[in-house]
Amino acid sequence: MITTDGRARYNIWEHSATLRELYARRCRQEAEEMTCHAQAVELLAPHVVAGDTLLDAGCGSGYLYHALKRRNIAVDYLGVDASPSLLDIGRSLLPAHGLDASRLVTAELEDLHGAVDHVVCLNVLSNLDNYHRPLDRLSRLARKTLILRESLAEQGAYAYVRDDYLDAGCDLWVHVNTYPRADVLAFLAARGFAARLVTDRRTGGRPESVIGYPHHWTFIEAWRPCTHDTSSSAPA
């Protein structure tokens, strides 16, 4: 017998009670702010004017909203993720902090069409089979800036490994990819973005083990030169 629920069954993010509890604590502001969230918002801030729209691509439960609100970044926030159980956490908890539940949407990155001023995508593309299609879609959506944090290094490395940190009885595998820095920058340049690499504050540019595999976390701050404000921290 064949069923059509394979996407949910094989989505690792739907199979970790520990992760769901952590995400709920972050939504309730009971856990320390993620360093990468603070850094992403600080990179974004110089590009934002009041009323701009922002897509948090791969938002989990949407708690990046807290980092924006703490710093008075006046954007219209929309979070998108492919994991319904994580989004349900945010829909339940974040309205108490000012975010309407309708601003958290279940979708794959490839489902998205339209335009926003800013796109933030953190720790997502490195766990997909490749970055090309989703990053192409995100670059088409972003009118002004694109903030990424992914595993990047001089040379690429690609693996598909068992995730041993899921709920008991789960035998699921995940992509753990490191992409060549120069290739990603060239990919963005071909889509009209200027970009710079920014050292990850949490790791200081050193590899970090995640589920037992090295991740070379690096930020990319990318902007369209035609919309670039010379007051920004990014080089003109």
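## Cavities and helix α2 in a predicted model

About 90 Å³ of space lies in the largest cavity of this structure, which is a predicted model. In total, the structure holds 2 cavities of 30 Å³ or more.

The lining of the largest cavity is formed by R26, Q29, A31, E32, E33, M34, H37, Y63, H66, A67 and R70. Helix α4 supplies the largest share of this lining, with 3 residues. The second largest cavity encloses about 40 Å³ and is lined by L125, Y131, L135, L148, E150, L152, V184 and I220. Here the largest share, again 3 residues, comes from strand β5 (residues 142-153). The table sets out the two linings by residue class.

| Cavity | Nonpolar | Polar | Charged |
|---|---|---|---|
| Largest | 4 residues | 3 residues | 4 residues |
| Second largest | 7 residues | no residues | 1 residue |

One of the residues lining the largest cavity, R26, also belongs to helix α2 (residues 17-27), where the buried residues are L19, Y23, A24, R26 and C27. These residues lie on the same side of α2, because they cover an arc of only 160° around the axis. The cover over the buried residues of α2 includes α4 (64-70) and α5 (84-93). Helix α4 thus appears in both settings: it is part of the cover of α2, and it gives 3 residues to the lining of the largest cavity.

After α2 comes Q29, whose phi is positive, near 60°. Q29 is also among the residues that line the largest cavity.

How values were computed. Residues numbered from 1 in each chain as written. Predicted model: local features only at pLDDT ≥ 70, side-chain atom pairs only at ≥ 80, totals over all residues. Heavy atoms only, no water. Buried < 20%, exposed > 50% of the residue type's maximum accessible area, 1.4 Å probe, protein only. Helix = DSSP H or I, 4+ residues; strand = E, 2+ residues; numbered from the N terminus. Arc of directions from axis to C-beta. Contact = heavy atoms within 4.5 Å. 1 Å grid on protein atoms, 1.4 Å probe; cavity = no way out; pocket = protein on both sides within 12 Å on 5 of 7 lines; lining within 4 Å. Points joined across faces, edges and corners; volume = space filled by probe spheres on them. Nonpolar A, V, L, I, M, F, W, Y, C, P; charged D, E, K, R; others polar.
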